[in-house]
Amino acid sequence: MSQKPNNFSKWYLETIQKADLFDYTPVRGCIAFKPDGYEIWEHIQEEMDKRFKETGHRNAYFPMLIPESFFQKEKDHIEGFSPELPWITEAAGEKLEERLALRPTSETMIGHLYSNWIKSYRDLPVLINQWANVFRWEKKTLPFIRTSEFLWQEGHTAHVDEEDARKETMQMLAIYKEVVEGLLAIPVYDGQKTPSERFAGAVDTFSIEAMMKDGKAVQAGTSHYLGTKFAEAFDIKYLNKENKHTYVHTTSWGTSTRLIGSVIMVHGDEQGLVLPPKIAPTQVVLIPVGPWKKNPAIIEKLDEIFAALKAEGIRVRLDDSDQSPGFKFNEWELKGVPVRIELGPRDLDQNQCLMKARDLGDKVAVPLESIIETIKTELETMQTRLFEKAKAFRAENSHTHIDTMDQLKQHIAESELNDTIPGWILAGWCGDDACEESVKEQTKFTTRNIPFNPPANKHTCIHCGKEAKHTVWFARAY
């Protein structure tokens, strides 16, 4: 399976199908998560949820169906989501008095309810998160990355003032960065979205952006400061300490199952999936080799190792099926299992086993008396190794020397000619939406974000050559 730029989508689809992560359904753009695919999401959920609760947030659940009138209350919001909304117009054989949308996001429903729940400054802040599914009727779909229905979490908070709300916005973005880099081993750039790319109805949107192996970007998480826009639209007021009614300041923030697709696109190789140990459904697979059925001591030893690893909290599988060792090796490599242990009669005689890390080429002999500690160390070092490898790839494909449209076009042309990836470019932007749009039209490169800590500062706009107000990452994106 080739990962060349012109074959990358094919590689991706083959990889996730052979790894048995999902299946297509009869509904356009909707997929079924198979157990391994869903378990990856569960590990992401677990880490996110723990951090949300540590920062005082609680989980709740809100209805999937949202009245059309709710969207009309926030003009920018309905304009942003209208093309993607699926509508319900009748139920139980009767036409509904008002159309109901399948939620694309929950600001409107939650805004309506917060107006009932929040009365006094004593009720604030409200710190709520929801784990749910949402619908956006995408024209072009790709499993896990862009689907009509997807799973996500969406946080919605209300605060006494702008300072408190902005502090919340940045806190959640920092949590996203920590989880994506620490759990998924994916390096990200954090920064602010340009006005044209910000969330519909937000005052400011901030994002973390990740580079895939084909050089394209994935928006891995967003956090929005909504100001008082939704509070005014839904009349969310509270009585302050001066006994005056004032609008709350709100935020929203979210990540989704596109993180699963990102993991695959960042770490996978031409043999298939490569999963960071922290999220792998199976972290270690034990495989008997040679004429092991004639030697019960081999399975006894593997059972012993299995029990010891389970006791350490390691997710382990013993593959004692009738398939050949070669078939098993290939199968578990396709699934991206981080560590494979092989044990045969000769190994047992030498009091050792063979260990193979998914991302490394060679097997190594490990004494049986130290196998548990060796596996634990290998899982930790592989997690770090994958992050550093992804970071080096990003650095290699992040270009800071392109300052004009002619240079960008030449760079793209050379990439296409050589079948290499164009990657990301760091360029100046004057702040004019027309310049940003023209870059997109001419090159399909969009602004990803205005990074907080850019590797360089740009002084002229890549499009018009005027003084740059911002240094921005540009890239093609999913």
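**Exercise 1.** Work out whether phenylalanine 144 is buried or exposed, keeping in mind that this is a predicted model.

*Solution.* Start with the number: phenylalanine 144 has a relative accessibility of 2%. The cut-off for buried is under 20%, so phenylalanine 144 counts as buried. Now place it: phenylalanine 144 sits in the loop between strand 7 and strand 8 (149-159). Last, check the backbone: its phi is near 70 degrees, a positive value for a residue other than glycine. Most residues other than glycine have a negative phi.

**Exercise 2.** Do the same for asparagine 243: is it buried or exposed?

*Solution.* Here the relative accessibility is 59%. Exposed means over 50%, so asparagine 243 counts as exposed. You'll find asparagine 243 in the loop between strand 12 (237-239) and strand 13 (245-247). Its phi is positive too, at about 65 degrees, and it isn't a glycine.

**Exercise 3.** Find which bond joins leucine 124 and proline 125.

*Solution.* Look at omega: about -5 degrees, so to speak the signature of a cis peptide bond between leucine 124 and proline 125. Proline 125 belongs to the loop between helix 5 (107-117) and strand 7 (126-135).

**Exercise 4.** Lay out the open sheet of 5 strands and say what packs on it.

*Solution.* First the order: 16-15-17-18-19, with mixed pairing. The edges are strand 16 (316-318) and strand 19 (364-367), each pairing on one side only. From one strand to the next, the twist averages 25 degrees. Then helix 9 (residues 296-311) packs on the sheet, touching strand 15, strand 16 and strand 17 (339-343). Its direction makes about 170 degrees with that of strand 15.

Notes: Residues are numbered from 1 along each chain as its sequence is written. This is a predicted model: local features need pLDDT of at least 70, side-chain atom pairs count only at pLDDT 80 or more; totals for chains, interfaces and linings use all residues. Side-chain values use heavy atoms; hydrogens and water are left out. Two strands pair if DSSP finds at least two bridges between them. Helices (H or I, at least four residues) and strands (E, at least two) are DSSP runs, numbered from the N terminus. Axes are lines fitted to C-alpha atoms, for helices over the stretch in contact, and angles run from 0 to 180 degrees between N-to-C directions. Contact means heavy atoms within 4.5 Å. Buried means under 20% relative accessible area, exposed over 50%, partly exposed in between (1.4 Å probe, protein chains only).
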